[in-house]
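Biologist: I would like a close look at a single part of this protein, namely one helix and whatever it packs against. Please take it step by step.

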Amino acid sequence: MITWGDVRRWDAAMIGGVADALNDRCARLVAANDDVEGMARFDGWTGDAATAATARGTALTTALEQRVAEASAVRRGAHEVQAAVERLSAYVKDTDDLAAHNGFTIDDGGRLTAVPGPAVPSDVAGARQRVQTELTDRVEQILRQATDVDADFAAILTRAANGEITDQGATSLAQAADAGSAQSGLSTQGPPPGGTPGDNRAWWDSLPDATQATILRDNPDLVRNLDGIPVTDRDAANRGVLQREMARLQGDPSEDAKAKLRGLEAIRTRLDATGPGHPQAYLVGLDTSGDGKAIVAAGNPDTSVNVATSVPGTGSELAKIGGDLDRSDKMWQSATTAGSPSTSVITWVGYDAPNELLDAASEKYADNGKAALSGFEDGLRASHDGPPSHNTVVGHSYGTTVVGHAARDGGLNADDLIFVASPGVGVDHANQLHLDGISQDDVGQHVHSTVAEHDMIKLTNIGIPGHDIALGPSPADADFGGQVFASAPGTKGPWYEGGLSGAAHSQYWEDNNPSLRSFGRIIAGKPA
């Protein structure tokens, strides 16, 4: 049984030494084979002795081919194990460091223990409990992967020792080496069923580079929408699927197919765009079923200092993603102008949004989408490289309801929330929202809201005596407990609608609107 202490002591360099020694052994075998072949050529020599000598030379050559096949199998296995152990060792260190930073120790048996100390406030205790759960999951996943790697390499060694790796009829040492290598790869274990984003990252990091490349090429559906997988790898997997889906939809004459194709074309155009205001884009998620879903990042969230996720509202779907991509680019530019050293703004069309305004009176769309949003935010933390980024979640219209329900019910792994033109976020006060690592007494300092003077959304926040507001009060109300920032008034509607208009509901990203400047400052970690 592999223990946490075992994996702590694993030495990838020693395994690399085995691979290097096998490389040397294979070279010596090749040289020996050349000598044998030279000796076995007896031009002009006939008779029983010549026949016996030739047979002996052939037998030696066959034996050498078998030894090369076995050595090549173990050599390839050692290379793959070395890469897997390097990743596992790094993840063990990260896990030990995370435990120490949060007041825990992990013993050699993998048991987690809290370091004795003074009592902590309930909100801090809640955050520590979440860290403890993550640590327990990490230990379990790392040990599972370590056990798989150990068992796979043991199986390769056993097969080589028992003569079960063959040269498969090779007629040269090169063919024998190839035949041996083909029989020696580590088995590819899929991601843990129901695993956390941290589990998914641990699994992915434990795979050798060659195995990762094979999955991205031959089985992209396994990882392309999996939270915790590095964004560059999800992008690589999704781009091939994008081309596949575009080809499929081009052959479908239905209006639904045509609409989705427009969305995919908008995504492809953005992926290909370069130049000022258009950082490299990554296709992080794609699903053409139903109304369709897609996740596109402007800038790499795994390497950026400031990361924002933009959640659109009613009517958002794959077919209409072009406008959402433009808004994300504008927020990226605004954050860059505000001084963000590196930024990623993600368009998250990752839930089934209400199609019509009447549908938007229901909470069910938010309740159905909140887990996906929470998982995605956890995934951004799991896949991020280096110090933790400053993460912001931006909701517009019904998107604020999704964000609010996620923060209310399970908590969001984010530093700041921005509610734009909200019909209600499911709570009466900011302190009912939960952000990982932030005290409930301080949450209001991290909740930012705005609504335009002439925005028609204000009609949804009007209470009727004796009746609850469907989605909750406006988070831009003074008594909600958050931070309110200004927007331009927006297009004024007719007098019989109280001056309110639907046009004002979509004008927050216009270049001359102060709200766009505030989006960038908040994303950059500055006051609005």
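Modeller: What follows is a walk around helix 10, then a pocket, then one further helix pair. The model is a predicted one, and every value below is computed from it.

Helix 10 covers residues 321–337. One of its partners is helix 9, residues 255–272. The two axes lie 8 Å apart and the helices pack at an angle of about 30°. Since angles under 35 degrees count as roughly parallel, helix 9 is therefore roughly parallel to helix 10. On the helix 9 side the contact consists of Gly263, Ala266, Ile267 and Arg270. Helix 10 answers with Ile321, Gly322, Leu325 and Asp329. Sorted by class, this contact holds four nonpolar, two polar and two charged residues.

Another partner is helix 13, which runs over residues 514–523. Here the axes come within 7 Å of one another and cross at roughly 65°. That angle is why helix 10 is described as roughly perpendicular to helix 13. The crossing is right-handed. From helix 10, the residues involved are Lys330, Met331, Ser334 and Ala335. From helix 13, they are Leu516, Arg517, Phe519, Gly520 and Ile523. The division by class is five nonpolar, two polar and two charged.

Helix 10 also has a part in the second largest pocket, where it gives the most to the lining, with three residues. The volume of this pocket is about 640 Å³. Its lining comprises 27 residues, and the closest to the pocket centre are Thr314, Leu357, Ser397, Ile457 and His505. By class, the lining splits into 12 nonpolar, 11 polar and four charged residues.

For comparison, consider a pair that does not involve helix 10. Helix 6 (residues 197–206) packs on helix 11 (residues 364–383) at an angle of about 40°, and their axes are 8 Å apart. This angle makes helix 6 oblique to helix 11, so neither the parallel nor the perpendicular label is used for the pair. Their crossing is right-handed. Helix 6 brings Pro197, Gly198 and Arg201 to the contact, and helix 11 brings Gly375, Asp378, Gly379, Ala382 and Ser383. Two of these residues are nonpolar, four are polar and two are charged.

To return to helix 10: helix 9 lies roughly parallel to it, helix 13 roughly perpendicular, and three of its residues line the second largest pocket.

Key:
Residues are numbered from 1 along each chain as its sequence is written. This is a predicted model: local features need pLDDT of at least 70, side-chain atom pairs count only at pLDDT 80 or more; totals for chains, interfaces and linings use all residues. Side-chain values use heavy atoms; hydrogens and water are left out. Axes are lines fitted to C-alpha atoms, for helices over the stretch in contact, and angles run from 0 to 180 degrees between N-to-C directions. Helices (H or I, at least four residues) and strands (E, at least two) are DSSP runs, numbered from the N terminus. Angles under 35 degrees count as roughly parallel, over 145 as roughly antiparallel, 65 to 115 as roughly perpendicular and the rest as oblique. A crossing is left-handed if the near helix is turned anticlockwise from the far one by less than a right angle, and right-handed if clockwise. Contact means heavy atoms within 4.5 Å. Ala, Val, Leu, Ile, Met, Phe, Trp, Tyr, Cys and Pro count as nonpolar, Asp, Glu, Lys and Arg as charged, and the others, Gly among them, as polar. On a 1 Å grid over the protein atoms alone, a cavity is a set of points where a 1.4 Å probe fits but cannot get out, and a pocket is an open set with protein on both sides within 12 Å along at least five of seven lines; lining residues have an atom within 4 Å of a point. Grid points are joined across faces, edges and corners, and a volume is the space filled by probe spheres set on the points.
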